[in-house]
Amino acid sequence: NFLTRKSKVEIHSTAIIDKKVRLGKNISVGPYTVIEGKVNLGDNIKIGSSVNIKNKVTIKNNTIIHSGSKIGYDPFSFGISKNLKSYLYPSKGAVLIGEFVEIFPNCTIARGTENKTKIGNWVKIGEQANIGNSANIGDNSIICASTNICGRVKIGSKCWIAPKVSIRQGLKVGNNSTIGLGSVVVKNVPKNSLAMGVPAKIRK
């Protein structure tokens, strides 16, 4: 069991680790993974193959990141100039991932444009989920596969976000709430609620 091994660092020969990266104890990094920038890894962390972690990222203890995930990249955030040309908005923020988090394959987590993108403790994120810039996911929440959490969304603790949900930027989902399968959330969801549908409506 990875999380009960004695202190050691296992980095595959094909992985690339920047000199700036800080490694804790009991670290495992898989093949073809690239970690670069101001990245801090805590203890008991397992990172799969072909993962890319870059810019400013902190990952706390006992977290697992599965293969193919991308964390800390500049978000898809564009502005329009006076001559109507689009430009990428500069990003200065970071990503903070808590303890006992598990991120399943091929997830993407953008860093904040200004503030941090935050993933709370004991959060689980399913395959191919996208977490936008400056999003905040509370402790013990479940984000299922193929979900799109847009920028600046705040999800409370102990929430269940079903597969293929989309949540519009800047919205809030209260604690202990559930978002049903395939829902499109365009309004804030109060705590202790069930929201379903396209657009999502509060069911209780």
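These are my notebook entries on one predicted protein model.

**Entry: overall build**

I started with the secondary structure. The protein chain has 29 strands and 0 helices. Next I looked up the radius of gyration. It is 17 Å, close to the 17 Å from the globule rule for 204 residues, so the chain is as compact as a globular protein of that length. I also took the extents of the C-alpha trace along its principal axes. They come to about 50 × 50 × 20 Å.

**Entry: contacts, burial and surface**

I checked how far apart in sequence the contacts reach. Of the contacts between residues at least 6 apart, 14% join residues at least 24 apart. Then I turned to burial. Of the 204 residues, 44% are buried. The exposed surface of the chain is about 10,600 Å². Carbon and sulfur atoms supply 51% of that area.

I looked up the charges too. There are 31 positive and 10 negative charges in the chain. Their mean positions lie 9 Å apart.

**Entry: the sheet of 9 strands**

Which order do the 9 strands of this open sheet follow? I read it as 2-4-7-10-15-18-21-24-27, with parallel pairing. Strand 2 (16-17) and strand 27 (184-185) are the edge strands, and each pairs on one side only. I picked one pairing inside the sheet for a closer look. Strand 4 (residues 34-35) and strand 7 (residues 52-53) run parallel and are joined by 2 bridges. Valine 34 has asparagine 52 in strand 7 as its bridge partner.

**Entry: the sheet of 7 strands**

Another open sheet has 7 strands in the order 5-8-13-16-19-22-25. Its pairing is parallel. I noted strand 5 (38-41) and strand 25 (172-173) as the edge strands, each paired on one side only.

I began at the strand 5 edge. Strand 5 pairs with strand 8 (residues 56-59) in the parallel sense, over 4 bridges. Leucine 41 has isoleucine 59 in strand 8 as its bridge partner. Which side chains of strand 5 are buried? Val39 and Leu41 are, and they point to one face. Lys38 and Asn40 point to the other face and are not buried.

I then went to the strand 25 edge. Strand 22 (residues 154-155) runs parallel to strand 25, and 2 bridges join them. Here lysine 154 has lysine 172 in strand 25 as its bridge partner.

**Entry: lysine 82**

I found lysine 82 in the loop between strand 11 (78-80) and strand 12 (86-88). Is this lysine buried or exposed? Its relative accessibility is 90%, so lysine 82 counts as exposed; the cut-off is over 50%. I also took its distance to valine 9, which is 73 residues away along the chain. The two C-alpha atoms are separated by 51 Å.

**Entry: backbone points in loops**

I looked up two residues with positive phi that are not glycine. Asparagine 62 has phi near 65°. It lies in the loop between strand 8 and strand 9 (64-65). At 14% relative accessibility, asparagine 62 counts as buried, because the limit is under 20%.

Phenylalanine 100 has phi of about 55°. Its place is in the loop between strand 13 (95-97) and strand 14 (102-103). At 27% relative accessibility, phenylalanine 100 counts as partly exposed.

Last, I checked a peptide bond. Valine 198 and proline 199 are joined by a cis bond, with omega about -5°. Proline 199 sits in the loop between strand 28 (194-196) and strand 29 (201-202).

Definitions and conventions:
Residues are numbered from 1 along each chain as its sequence is written. This is a predicted model: local features need pLDDT of at least 70, side-chain atom pairs count only at pLDDT 80 or more; totals for chains, interfaces and linings use all residues. Side-chain values use heavy atoms; hydrogens and water are left out. The radius of gyration is taken over C-alpha atoms; the globule rule is 2.2 Å times the number of residues to the power 0.38. Buried means under 20% relative accessible area, exposed over 50%, partly exposed in between (1.4 Å probe, protein chains only). Contact means heavy atoms within 4.5 Å. Accessible areas come from the Shrake-Rupley method with a 1.4 Å probe; for residues, only the protein chains shown count as cover. Lys and Arg count as positive and Asp and Glu as negative; His and the chain ends are not counted. The place of a charge is taken as NZ of Lys, CZ of Arg, CG of Asp or CD of Glu. Two strands pair if DSSP finds at least two bridges between them.
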